[in-house]
Structure formats: C-alpha cells, structure tokens
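Trainee: Got a minute to go through this one with me? I'd like to start with the strands and then wander a bit.

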Amino acid sequence: MKVLVTGGTGFIGTALCRYLHDRGDRVVVLSRDEKAARRHLGNDLEVLSWDPAAGSMPAGALDGVEVVINLAGESIGEGRWTEVRKQRILNSRIRTTRVLVEAMGKVQERPRVLVSASAVGYYGPRGDEVLTEADPPGSDFLAKVCRAWEEEALKAEDLGLRVVLLRLGIVFGPGGGALARMVLPFHFFAGGPIGSGQQWVSWVHRDDVIEIIRLASADSSVSGPVNATAPQPVRMEELAKVIGKVLKRPSWLRVPGFALRLAFGEMADMLLTGQRVLPVKLQEKGYRFKYLVVEEALKASLFG
C-alpha cells in the first residue's frame, strides 16, 4: 500500500520507513529539508519537500495514499523550555497535524486511517496511579500539548477517517533516542537515578512501536487513544540499576532534583515526575510484545 509519513527522519520514523519499504509498501516522506532527508533515508524512498508553517501540502502528495502516519514534532528533551521554545514545541505538532487534516479534506479519495503520535505526557504527573486510555488528561505543559495535538488529529474523523492516537512512552532502541542521553553518564562511571528515583518510567522498545503502528494501520477495530507502552513500567531507580547492570557500570550517583531544575527549569519536571501507564487496548487486542522486560529491551537497544 502507499503510506505517507511525517517525521520520517526521526528516531522512530527512520526505522519505520525502512520497515515499510522492506515489506513492499510505497513510502512517501514529507520533510522540511528534502536534501537532508534523502541523505538520511536513501534514494529508494520518495521524499517531498513541505513547510507546514506555510499551510499547504505538496501537490499530489496524497494521491493513492491509504495510510497517513504523523510523527512530526520538535524534540521536547533538549534544552531549557523558554516561552519561545514551548510555543515552537506546540506549533510544530499543531500546524503539521492541521495541514495534514485540511489537505485530506480536499482530496476526492481520502486515506482510510490517520495514525498520529501523542505521548504518555497526556496524563500529566500522576504518582503511583495506574493509568489507562480511559483516564483524563493532566494540566501541565506537556499534557496540554498532547491534548491539543490529539484534538487536531481527531478532526480527521469528521472526514470519515479512522484515527488512532499513539500515546508513546519513552522509546528504547539502537542508534539514539532518549536512551542515548540516559546512558551517557554511565559510560563515565557517573550514572544513577534521577531525583527521588521513585517516579515511574513507562517505556517501550522501538520494534514494538513499529509493530503497534502496523496493527493500528491494518486493524479497522483500533481507534482513538492507544497507550504504546510495555506492560511493565519501572521506577527510575530500578531503571538506573538495570542500565548499570547491562553496561557493567555503577549506578549509585543520584542526580538531585534541585540541580536539574537549576539547569533545565520547567523541563526538569518531565524527568522528575512520571506516569505508570498500561497498554490496556493493546492487551485487549491480544498484542504480544516483543520486549516485556526492561533488561531485555536495554540489551537489544545497546548491543543489538
């Protein structure tokens, strides 16, 4: 089938596009930097240049497209959240999704499904509370971003599309992502838990994310929010211990919360709080996770 992907050069998008191409799908990637995307993805994928801020799609981009996968959005984990940066984080998600939905409304033959990224940040800091897709959103910055992002995607339902909202946890996998930043201190024998270490980390391996996207694209009974997280979230303290074990490095050097807040301001709250999220919808569908145990996921990510 023909699949349109935004965010195709990102940590998830790159692996997803390669997976789709290798299984025989025709993949069209929308990118703000067409030349860089071609260098990154290779010449066997179709790349079209677009600028969501300009409010338009490349002509013919949606011709014959059955599935749209929307992964685009500015990284939230790099640097201090100034008011300007927070607006960029929000706009990069809202504008991209809005342009996609508006463009789909203008074509005669519309895609059948929109799979749009979101995040477990939707739920906000919730302590030890067990969270499922039925729980309401939080009220912090990330929760508001996720809620607004999802609301834009859900407008595609009015066009007759099935919409799936992937609430992603922290995605592990080789070659980058959040894990690359997490393990760096361990390589210098300076690793350890962040803050109290009692905050929950809802994680998922990238291989499972790709399979979940495949399921969401193919199964017409899947719609609305889907928690893309492994069924066994861990506390930060346990995660640090397992990283140390896998890397054969100590994991005792705790990073105090006040130091993070001095360095990163409001963004530190994302690291010091967490969500205990369960993938209830996936479990009800009988989805079998490739990685259920965080140690195995880390080994595959760091040495796979």
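Mentor: Sure, and one term before we start: two strands count as paired if DSSP finds at least two bridges between them. Also keep in mind that this is a predicted model.

Trainee: Fine. So which residue in β2 is the bridge partner of Val3?

Mentor: Val3 has Val27 as its bridge partner in β2. Further along, Thr6 is matched with Leu30 of β2.

Trainee: And how many bridges join β1 to β2?

Mentor: Five, with β1 (residues 2–6) and β2 running parallel. Between them the chain passes through helix α1 (residues 11–22), and that β-α-β crossover is right-handed.

Trainee: What about the other neighbour, how do β2 and β3 pair, parallel or antiparallel?

Mentor: Parallel, over four bridges, with β3 covering residues 46–49. One of the matched pairs is Val29 with Val47 in β3. Here too there's a right-handed β-α-β unit, made by β2, helix α2 (residues 34–41) and β3.

Trainee: How many residues of β2 are buried?

Mentor: Five of the six, so call the strand mostly covered, using the cut-off that buried means under 20% relative accessible area. β2 spans residues 26–31.

Trainee: Zooming out, what's the strand order in the open sheet?

Mentor: The order is β3-β2-β1-β4-β5-β7-β11, seven strands with parallel pairing. β3 and β11 (224–228) are the edge strands, each pairing on one side only. On average, neighbouring strands of this sheet are turned by 20° against each other, direction ignored.

Trainee: And what holds strands of a sheet together, generally?

Mentor: Strands of a sheet pair through backbone hydrogen bonds, in either a parallel or an antiparallel arrangement.

Trainee: Switching topic: how many disulfides does the structure hold?

Mentor: Zero.

Trainee: What about Cys17 and Cys146, then? Is Cys17 buried or exposed?

Mentor: Cys17 counts as buried because its relative accessibility is 0%. Cys146 is buried as well, with a relative accessible area of 5%.

Trainee: OK, charges next. How many salt bridges are there?

Mentor: The count comes to 23 salt bridges. One of them joins the side chains of Asp44 and Arg18, at 3.1 Å from N to O. Asp44 is in the loop between α2 and β3 while Arg18 is in helix α1, so this pair ties together parts 26 residues apart in sequence.

Trainee: How accessible is Asp44?

Mentor: Asp44 has a relative accessible area of 42%, so it counts as partly exposed. Arg18 is partly exposed too, at 28%.

Trainee: Which residue does Glu266 form a salt bridge with?

Mentor: Lys86, with the closest N and O atoms 2.8 Å apart. That pair links distant parts of the chain, 180 residues apart: Glu266 is in the loop between α8 (257–264) and α9 (268–272), and Lys86 is in helix α3 (residues 83–104).

Trainee: And is Lys86 buried or exposed?

Mentor: Buried, because its relative accessibility is 12%. Glu266 comes out as partly exposed at 32%.

Trainee: What does Arg235 pair with?

Mentor: Arg235 forms a salt bridge with Asp128, where the closest N and O atoms are 3.2 Å apart. Arg235 sits in strand β12 (residues 234–235) and Asp128 in the loop between β5 (113–119) and β6 (130–131), which puts them 107 residues apart. As for accessibility, Arg235 is partly exposed at 23%, and Asp128 is partly exposed at 45%.

Trainee: Which residues make up a salt-bridge network?

Mentor: Lys245, Glu295, Glu296 and Lys299 are linked in one.

Trainee: Where does Asp51 sit?

Mentor: Asp51 is in the loop between β3 and β4 (67–70). Its relative accessible area is 39%, so Asp51 is partly exposed. The C-alpha atoms of Asp51 and Arg95 are separated by 9.8 Å, and the two residues are 44 apart along the chain.

Trainee: Last one: what feature does UniProt place at residues 3–219?

Mentor: The UniProt entry, which is unreviewed, lists "domain: NAD-dependent epimerase/dehydratase" there. Over residues 3–219 the chain is 37% helix and 19% strand, and the end C-alpha atoms are 15 Å apart.

Technical notes:
Residues are numbered from 1 along each chain as its sequence is written. This is a predicted model: local features need pLDDT of at least 70, side-chain atom pairs count only at pLDDT 80 or more; totals for chains, interfaces and linings use all residues. Side-chain values use heavy atoms; hydrogens and water are left out. Buried means under 20% relative accessible area, exposed over 50%, partly exposed in between (1.4 Å probe, protein chains only). Helices (H or I, at least four residues) and strands (E, at least two) are DSSP runs, numbered from the N terminus. A crossover is right-handed if, with the strands pointing away from the viewer, the path from the first strand over the helix to the second runs clockwise. A disulfide is a pair of cysteine sulfur atoms within 2.5 Å. UniProt positions are given in the numbering used here, feature names are shortened, and annotations may be inferred rather than shown by experiment. A salt bridge is a side-chain nitrogen of Lys or Arg within 4 Å of a carboxyl oxygen of Asp or Glu. Axes are lines fitted to C-alpha atoms, for helices over the stretch in contact, and angles run from 0 to 180 degrees between N-to-C directions.
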